[in-house]
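Work through the exercises below with the model open. Try each task before you read its solution.

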Amino acid sequence: MPSSAPSQPTPDQTAGLLLVARRFAEEYGLPRSSVEQILAATGASRESALEIEAALVAALEELAQSMSPCDRAPEVDDRGRVNTLTHEALCYVMQNPACTRRTARGRHAAAYRQFVIELRARYADVSAPAFADAVHVPVSTLDAWMRSRRGVVALVAQMPIAAQRASAAQTTTSPP
């Protein structure tokens, strides 16, 4: 008779999950373990754990894309909306001059990253390249910010309530 208790993850699976989790720990200023510490504590194989980490990261990216605004609304490059979001970003930077520094790679304070994430969620119908250009952030940086936990939360918060309920119902019911 099959057991109803969930099966325990293997040491390699546990290590892979911990390797993914350590990425988020840094974002929240939490202490994080080194790869070597995780492998030693779990007894996992480095190669297998890294493969599982890569698979989990890919799954998280797929999940974030499935929740992306591109699936909910067509992107537009309405000049008026782009000008409005540029104005909002400029006003924020003028009120918070230390939120960003001009360096070779650019440095942005956590508060500015959060502002841009929330702005992107509100202006989801503007194409990513137009949005990134309007707020002077590289598209790759914008994409990374939106794939972060905070980015996903901001996108979900901007979803209409009916869409949130439909999404929740879809994840809680299993197909026949």
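**Exercise 1.** Which helices do the buried residues of H6 pack against?

*Solution.* This is a predicted model: local features need pLDDT of at least 70, side-chain atom pairs count only at pLDDT 80 or more, and totals for chains, interfaces and linings use all residues. Residues are numbered from 1 along each chain as its sequence is written, and side-chain values use heavy atoms, without hydrogens and water.

Step 1. Find H6, residues 128-135. Helices (H or I, at least four residues) and strands (E, at least two) are DSSP runs, numbered from the N terminus.

Step 2. Pick out the buried residues (under 20% relative accessible area, 1.4 Å probe, protein chains only; exposed is over 50%, partly exposed in between). Six of the eight residues of H6 are buried. They are Ala-128, Ala-130, Phe-131, Ala-132, Ala-134 and Val-135.

Step 3. Look for their partners. The buried residues of H6 pack against H4 (79-95), H5 and H7 (139-147).

**Exercise 2.** Describe how H4 and H6 cross, and name the residues in contact.

*Solution.* Step 1. The axes of H4 and H6 come within 8 Å and cross at roughly 35°. Axes are lines fitted to C-alpha atoms, for helices over the stretch in contact, and angles run from 0 to 180 degrees between N-to-C directions.

Step 2. The crossing of H4 and H6 is right-handed: the near helix is turned clockwise from the far one by less than a right angle (anticlockwise would be left-handed).

Step 3. List the contact (heavy atoms within 4.5 Å). H4 supplies Val-82, Leu-85, Thr-86 and Ala-89, while H6 supplies Ala-130, Phe-131, Ala-134 and Val-135.

Step 4. Sort by class. Seven are nonpolar, one is polar and none is charged. Ala, Val, Leu, Ile, Met, Phe, Trp, Tyr, Cys and Pro count as nonpolar, Asp, Glu, Lys and Arg as charged, and the others, Gly among them, as polar.

**Exercise 3.** Do the same for H5 and H6.

*Solution.* Step 1. The axes of H5 (residues 110-122) and H6 come within 12 Å and cross at roughly 140°. That angle makes H5 oblique to H6 (under 35 degrees is roughly parallel, over 145 roughly antiparallel, 65 to 115 roughly perpendicular, the rest oblique).

Step 2. Tyr-112, Val-116, Leu-119 and Arg-120 of H5 meet Ala-128, Phe-131 and Val-135 of H6. Six of these residues are nonpolar, none is polar and one is charged.

**Exercise 4.** What is the pattern of the chain, read along the sequence?

*Solution.* Step 1. Count the elements: nine helices and two strands.

Step 2. Put them in order: α-α-α-α-β-β-α-α-α-α-α.
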